[in-house]
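Colleague: I would like to learn how to read a few features here. Please start with the cysteines.

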Amino acid sequence: MQIIGLTGGIGSGKSAAAKCFKALGIQVVDADVVAREVVEPDSTSGALAQITAHFGQQILTDAGELDRAKLRQLIFADASEKQWLNALLHPLIRQSLLAQLEACQGPYAILEAPLLIENQLQQYISKLVVVDVPEALQLSRAMSRDNNSEAQIRSIMAAQVTRSVRLAEADFVLDNSGDLGQLAQQVTALHQQLCNMKLN
Ligand code: ADP
């Protein structure tokens, strides 16, 4: 399966672009969704049991699910705990991502990942598509979607690669500074290009 990466900063329009690809019949695997799946109680990964063994029952909600807010607090306060968690989860997420991508059908599949570059997922993709918007627009869209302050969005942006680094890595750029119709047009044109291209 040819895998095309789709990335962009928070609020750039990755989900909006992914929706356009899906409308064209292309299957999309979302790294954020997979990251949540691997810690679900019924996941075969065994991650939740290991997290509970490490942090204790306090890490579970009354319903027996992972208490994400509590986990975030614990790893925010302790870099070594964050490292432990990443060492556990990253390989499991990667394995599940790749298995889901392999099971996709069609001319190519999309791997949608906000931290595609940051988490070294480029080794698994043939081409990288970057959704790009000017920073001011990124901020205002992310703030109104999440009902978050500018400071909160800026702190998330600070943990991501810069716009220029992302653009330097891009094989294709979707300019999302226009409306959703303009984004859909660009995705349709890119889809044609990807279908016609012999991907390596
Ligand atoms: P990401 O997945 O990259 O974080 P989203 O696709 O969720 O970004 O887009 C961020 C917000 O901006 C969402 O509320 C989305 O509906 C809105 N949005 C995305 N693209 C456009 C656009 N071209 N015009 C207007 N709003 C947009």
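Modeller: A disulfide is a covalent bond between the sulfur atoms of two cysteines. Here the term is used for a pair of cysteine sulfur atoms within 2.5 Å. Note that this is a predicted model, where local features need pLDDT of at least 70, side-chain atom pairs count only at pLDDT 80 or more, and totals for chains, interfaces and linings use all residues. Residues are numbered from 1 along each chain as its sequence is written, and side-chain values use heavy atoms, with hydrogens and water left out.

Colleague: How many disulfides does a search of the whole structure find?

Modeller: Zero. Take Cys104: the closest cysteine sulfur is in Cys195, 14 Å away, so the pair is too far apart for a bond. Cys195 is likewise in no disulfide.

Colleague: Is Cys104 buried or exposed?

Modeller: Buried means under 20% relative accessible area, exposed means over 50%, and partly exposed lies in between (1.4 Å probe, protein chains only). Cys104 has 10% relative accessibility, so it counts as buried. Cys195, at 33%, counts as partly exposed.

Colleague: Where does Gln58 lie?

Modeller: Helices are DSSP runs of H or I, at least four residues, numbered from the N terminus. Gln58 sits in the loop between helix 3 (47-55) and helix 4 (68-77). Gln58 is partly exposed, at 42%.

Colleague: Which residues is Gln58 in contact with, leaving aside neighbours within four places in sequence?

Modeller: Contact means heavy atoms within 4.5 Å. By that test, Gln58 touches Lys70 and Leu74. Its C-alpha atom is 9.5 Å from that of Leu71, 13 residues apart along the chain. A polar atom of the Gln58 side chain also lies 3.0 Å from the backbone oxygen of Phe55.

Definitions and conventions: Helix = DSSP H or I, 4+ residues; strand = E, 2+ residues; numbered from the N terminus. Polar contact = N/O pair within 3.5 Å; in protein donor to acceptor, adjacent residues only side chain to side chain.
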